[in-house]
Amino acid sequence: MTTVADFNRKHPVGTLVRYYPVPGDRKIFIEARTRAPAHISNGRAYVRLAAGAGTQPLDKIEPAPVTPEPVF
């Protein structure tokens, strides 16, 4: 499990992440940028996301894959 400190160090504000809103379904996701550092509330770790995705638990977040720039 990722700690809040590890998440904040590895994924600073502005990092593109994927949020999986449906437990157990990795086909449905929303990509958004982190808007605020991760924090703990009621014993659970959360991160605030941009683009209307709100505040989401870290266990539903992972970094978005980096798409290589096209070579012309």
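**Close-ups of a five-stranded sheet and its core**

**View 1. Ala-38 and the residues packed around it.** Leaving out anything up to four places away in sequence, Ala-38 touches Val-4, Phe-7, Asn-8, Tyr-46, Val-47 and Leu-58. Keep in mind that this is a predicted model. Ala-38 also belongs to the largest nonpolar core, and so do four of those contacts: Val-4, Phe-7, Val-47 and Leu-58.

**View 2. The largest nonpolar core.** Twelve residues make up this core: Val-4, Phe-7, Val-17, Tyr-19, Ala-32, Ala-38, Ala-45, Val-47, Leu-49, Ala-53, Leu-58 and Ile-61. At least two of them come from each of helix 1 (4-10), strand 1, strand 2 and strand 3. Which element gives the largest share? That would be strand 3, with three residues.

**View 3. The whole chain, for orientation.** Before zooming back in, here is the general layout. The chain has one helix and five strands, and reading from the N terminus the elements go α-β-β-β-β-β. Its C-alpha atoms fill a box of roughly 50 × 25 × 25 Å along the principal axes. Of the 72 residues, 29% count as buried. Take the contacts with a separation of 6 or more, and 36% of them are between residues 24 or more positions apart.

**View 4. The sheet and its edges.** The five strands line up in the order 4-3-2-1-5, giving an open sheet with antiparallel pairing. Strand 4 (54-57) and strand 5 (61-63) are the edge strands; each has a single partner, so one side of each has no neighbour in the sheet. From one strand to the next, the twist averages 50°. As a reminder, strands of a sheet pair through backbone hydrogen bonds.

**View 5. Strands 2 and 3, with their hairpin.** How many bridges hold strand 2 to strand 3? There are five, and the two strands run antiparallel. Look for Ile-40 opposite Ala-45 of strand 3, and for Ser-41 opposite Arg-44 of that strand. Ala-45 is one of the core residues from View 2. The two strands form a hairpin with two residues between them, and Asn-42 in the turn has a positive phi of about 55°.

**View 6. Strands 3 and 4, with theirs.** Strand 3 and strand 4 also run antiparallel, joined by four bridges. Leu-49 has Gly-54 in strand 4 as its bridge partner, and Leu-49 is another member of the largest nonpolar core. Four residues sit between the strands of this hairpin, where Ala-51 takes a positive phi near 60°.

**View 7. Thr-34, tucked into strand 2.** Thr-34 lies in strand 2, which spans residues 30-41. Buried or exposed? Thr-34 counts as buried because its relative accessibility is 4%, and the cut-off for buried is under 20%. Not counting neighbours within four places in sequence, Thr-34 is in contact with Phe-7, His-11, Pro-12, Val-13, Gly-14, Thr-15, Val-17, Val-47, Arg-48 and Leu-49. Among these, Phe-7, Val-17, Val-47 and Leu-49 are residues of the largest nonpolar core.

**View 8. Strands 1 and 2, and the loop that links them.** Strand 1 and strand 2 pair in the antiparallel sense, over four bridges. Tyr-19, a core residue, has Ile-30 in strand 2 as its bridge partner. Ile-28 is found in the loop between strand 1 (16-19) and strand 2. At 41% relative accessibility, Ile-28 counts as partly exposed. Leaving aside neighbours within four places in sequence, Ile-28 is in contact with Tyr-19, Tyr-20, Pro-21 and Val-22. Ile-28 and Arg-18 are ten residues apart in sequence, and their C-alpha atoms are 9.6 Å apart in space.

**View 9. Arginines over aromatic rings.** Where does Arg-18 lie relative to Phe-29? Arg-18 lies over the face of the Phe-29 ring, 3.8 Å from the ring centre. Arg-26 lies over the face of Tyr-20 in turn, at 3.7 Å from the ring centre. Tyr-20 also shows up in View 8, as one of the contacts of Ile-28. As for rings pairing with other rings, a search of the whole structure finds one aromatic pair.

Methods: Residues numbered from 1 in each chain as written. Predicted model: local features only at pLDDT ≥ 70, side-chain atom pairs only at ≥ 80, totals over all residues. Heavy atoms only, no water. Buried < 20%, exposed > 50% of the residue type's maximum accessible area, 1.4 Å probe, protein only. Contact = heavy atoms within 4.5 Å. Phe/Tyr/Trp six-rings, centres within 6.5 Å; stacked < 30°, edge-to-face > 60°. Lys NZ or Arg CZ within 6 Å of the ring centre and 35° of its normal. Pairing = 2+ DSSP bridges. Axes fitted to C-alpha atoms, helices over the stretch in contact; angles between N-to-C directions. Core = buried A, V, L, I, M, F, W, Y, C linked by side-chain atoms within 4.5 Å.
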